[in-house]
Amino acid sequence: MKTFLTIAGSDPSGGAGIGADIKTAAAFGMYGMSVITAVTIQNTLGISGVYEFTAQMVREQLDAVFSDIFPNCVKIGMCVNVDIIEVIAEQLDKYRPKNVVLDTILISSSGKKLLSDDAASLMAQKLFPRADIITPNCPEAEFLTGIKITSEADMESAAKSLYEKYGCGILLKGGHLNGCDILLYNGITHFYPHTLFDNKNTHGTGCTLSSALACSLALCKSPEQAAAYAIEYVTGAIADGMNFGKGHGPLNHLYRLSSDLNE
């Protein structure tokens with residue numbers, strides 16, 4: 001059994017953050033572990049609070065995991081502040097894990113900033129070059145590159161700009177734009193058109209995709225195969241149509257298991 005580590009915040013409703021990440025790892029048949037950076041107060045109606053862990057707490061959690069059950073892949077999510085970003089970078093250098101995927105949680109698809117400008121700049125400087133693939137959405141890519149994204153050509157230009165600056169693979173999510181994601185890896189661009197569903201229950205989609213990508217990389221998939229597999233998994237989790245909560249509900253991370261049990 002392969003092992004998976006998420007470094008992220010918690011969501012008490014289970015739709016995003018470490019809850020989504022661990023369920024995704026389980027769906028891929030992997031053993032999930034978590035290092036918590038913050039406790040959020042949220043549900044399907046939105047976020048009302050964030051309680052940050054100290055950098056030392058994050059450092060000690062990372063030491064505990066890496067010194068005992070070394071992960072085959074790492075997903076990095078909510079980094080919270082500059083001190084935690086510094087610690088994550090230090091620990092990545094110390095332990096050198098493979099298959100690192102960074103979910104660039106900077107700006108929501110609705111345009112709301114989720115990280116300070118100083119922390120966003122440090123994340124790009126310290127963590128992007130240490131990741132195998134980063135997974136920005138279009139607003140985040142616009143913020144990082146200054147390129148206005150209104151088409152697939154714009155997405156490709158933004159991905160190339162990020163690749164040239166940081167050297168990591170880029171999975172640029174275009175779901176809210178046109179239903180096509182783009183992977184730029186080792187200078188080669190791959191396009192992944194997919195179905196868009198009339199479904200408001202998409203809470204935690206970004207967390208789930210980045211975790212699925214990390215798992216797929218660890219399962220000996222090539223980057224382009226891993227991206228295809230991760231996108232297919234998330235599309236199926238949305239298409240399942242699970243409907244929990246009064247707002248934007250979560251995906252069904254275990255839809256394949258549910259289908260098997262109901263047959």
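**Exercise 1. Place Ser211 in the structure: which helix holds Ser211, and is Ser211 buried or exposed?**

Step 1. Ser211 lies in helix α7, residues 205-218. Helices (H or I, at least four residues) and strands (E, at least two) are DSSP runs, numbered from the N terminus. The model is predicted: local features need pLDDT of at least 70, side-chain atom pairs count only at pLDDT 80 or more, and totals for chains, interfaces and linings use all residues. Residues are numbered from 1 along each chain as its sequence is written, and side-chain values use heavy atoms, with hydrogens and water left out.

Step 2. Ser211 counts as buried because its relative accessibility is 0%. Buried means under 20% relative accessible area, exposed over 50%, and partly exposed in between (1.4 Å probe, protein chains only).

Step 3. Leaving aside neighbours within four places in sequence, Ser211 is in contact with Phe4, Asp21, Thr24 and Lys75. Contact means heavy atoms within 4.5 Å.

**Exercise 2. Find the strand partners of β7: in which sense does β7 pair with β6, and in which with β8?**

Step 1. Take β6, residues 133-134: this strand and β7 pair in the parallel sense, over two bridges. Two strands pair if DSSP finds at least two bridges between them. Ile133 has Gly169 as its bridge partner in β7.

Step 2. Turn to β8, residues 180-185. β7 and β8 pair in the antiparallel sense, over three bridges. Here Ile170 has Leu184 as its bridge partner.

Step 3. Check the faces of β7, residues 169-172. Both are covered: Gly169 and Leu171 are buried on one side, Ile170 and Leu172 on the other. In a regular strand the side chains alternate between the two faces of the sheet.

**Exercise 3. Explain the cysteines: how many disulfides does the whole structure have?**

Step 1. A search of the whole structure finds zero. A disulfide is a pair of cysteine sulfur atoms within 2.5 Å.

Step 2. Look at Cys73. The closest cysteine sulfur, in Cys215, is 4.6 Å from that of Cys73, so the two are too far apart for a bond. Cys73 is buried, at 0% relative accessible area.

Step 3. Look at Cys207. Cys207 is in no disulfide, and the nearest cysteine sulfur, that of Cys79, is 12 Å away. Cys207 counts as buried, at 12% relative accessibility.

**Exercise 4. Trace the contacts of Ile76: which residues does Ile76 touch?**

Step 1. Leave aside neighbours within four places in sequence. Ile76 is then in contact with Ile7, Ile88, Leu92, Val100, Val101, Leu102 and Asp103.
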